Amino acid sequence: MFETLLIILAFAFYSLFSNAISKTVLTLPLLFTVVGFALSGPLEASVSPKVIHEGKKLLAEVTLILVLFADASHVRFRQLAMDWMLPARMLVIGMPLTIALGTVVVTLLNPGAGLAMALLTAAVLTPTDAALGQAVVVNPKVPPHIGQTINVESGLNDGLALPFVLLGASLASMASEHLSGAALAWEAVSEVVLGVVAGIVVGWVAAVAMSWAQDRQVMQKSAGAVLFLLAAFTAYVLADLVGGNGFIAAFIAGMVFGNTYKHGAHFISEFMEGAGQLLTMAAFLAFGAFLLPVGIAHASVSNVALAVLFLTVVRMLPIFISLTGTGLSSSEKLFLGWFGPRGLASLLFTMLMIDSFDFPNEAELIACVSLTVGLSILLHGLTSTPLSNWIAKQK
């Protein structure tokens, strides 16, 4: 198929010129969103809707499981207690404030959506994207404490936002299906608790087993990436078997693994920078081909306004408040507030929630998320270099 060949060539082109591209305003999400959008018509015409649906679902599940596990594996409890005050404030104070303010804004601009859908929309648009933020994080002109804060926050907030996403989706589904509130509440709590338990068990067992094998030098270094994949997917499957949420299990497993494994887990970063990047390319290409056109088709004044507000006031005001008393300048607080790009996590959450739950106004949700992510890919990509230069001059 001609479209498949073009996609392969796009992957190859980016890989060959990735270093040169990284020095421009172009980013991986921007490039592959454009490629996907350009191919949306031919792909829709040549691939059956069932294949597209199942492909999007599989891509979203696999990518999210690996991203959640990998991001959480970098968390170190001791470091969080010692010198991660800034990201901790943004996550513990800023993120709930963002979800609350976002829920209010959606309710005001789109009152017909209902409170549950407003919460779901705010929750899926709260996580920030590590891939979109990398241009700032790796820029040597950005002060180290600012770059580290962006990196840590984007690595953790997708997993921490997940319970809010599930709550919003469950409440929206309950409203449309007239389900019992008590039964739904019990189901939601049990999914979280059993997901946490499954994650702890798998993360600890995997770390202890790999540490034992490494100590006795019976495991090849290259096997680490294989075992990382197995641990991430085992956590997901085990949680599903016992009635827990697999994505929460993957996140908790990664956190437990990272704090229990006695050797360097470089294989996780290496995998995510290689094969994991291929999944990221495919995810943004799928966004450009199948979600962005739907978002544009259902775009309205309120959806565009919501997209702009979520990238500015809804994100920046709570972050500014959460950083009060930290000693940061106003310019640094605004910089951290602006560089909360929306991307992969928002897209994956949206695709999975729509597939897993039945609720009204799905097209409105897709439109709001697609427009927000699309604007974020464009605006954060274009402003990363000039604003990095600006923040460097503030000191």
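**Buried serines, a pocket and annotated spans**

In the predicted model, S370 has a relative accessible area of 1% and is therefore classed as buried, the cut-off for that class being under 20%. The residue belongs to helix α20, which runs over residues 362-392, and its side chain reaches the backbone oxygen of I366 at a distance of 2.7 Å. When neighbours within four places in sequence are left aside, the contacts of S370 are with F287, L291, L292 and G295.

A second serine, S322, is placed in helix α17, which comprises residues 313-322. With a relative accessibility of 0%, S322 likewise counts as buried, because the value falls under 20%. A polar atom of the S322 side chain lies 2.8 Å from the backbone oxygen of I319, and, once residues up to four places away in sequence are excluded, S322 touches R89, M90, I93 and G94.

The second largest pocket encloses about 340 Å³ of space. Its lining is made up of 15 residues, of which I7, L43, L285, A286 and F290 are the closest to the centre of the pocket. Two or more residues of this lining are supplied by each of the helices α1 (2-16), α5 (49-73) and α15 (275-297), and it is α5 that gives the most, with five residues. By residue class, the lining of the pocket divides into 12 nonpolar residues, two polar residues and one charged residue.

The UniProt record, an unreviewed entry, assigns the feature "transmembrane region" to residues 58-77, 89-109, 192-213, 225-258, 278-297, 304-323, 335-353 and 365-383. Two of these annotated spans may be set against the secondary structure of the model. Residues 278-297 are 100% helix and 0% strand, and the C-alpha atoms at the ends of this span lie 28 Å apart. Over residues 335-353, by contrast, the chain is 74% helix, again with 0% strand, and the end C-alpha atoms are separated by 31 Å.

The annotation can also be related to the residues described above. S370 falls in the annotated span 365-383, and S322 in the annotated span 304-323. The pocket residues L285, A286 and F290, which are among the five closest to the pocket centre, fall in the annotated span 278-297, as do F287, L291, L292 and G295, the residues with which S370 is in contact.

Methods:
Residues numbered from 1 in each chain as written. Predicted model: local features only at pLDDT ≥ 70, side-chain atom pairs only at ≥ 80, totals over all residues. Heavy atoms only, no water. 1 Å grid on protein atoms, 1.4 Å probe; cavity = no way out; pocket = protein on both sides within 12 Å on 5 of 7 lines; lining within 4 Å. Points joined across faces, edges and corners; volume = space filled by probe spheres on them. Helix = DSSP H or I, 4+ residues; strand = E, 2+ residues; numbered from the N terminus. Nonpolar A, V, L, I, M, F, W, Y, C, P; charged D, E, K, R; others polar. Buried < 20%, exposed > 50% of the residue type's maximum accessible area, 1.4 Å probe, protein only. Polar contact = N/O pair within 3.5 Å; in protein donor to acceptor, adjacent residues only side chain to side chain. Contact = heavy atoms within 4.5 Å. UniProt positions renumbered as here; feature names shortened; annotations may be inferred.
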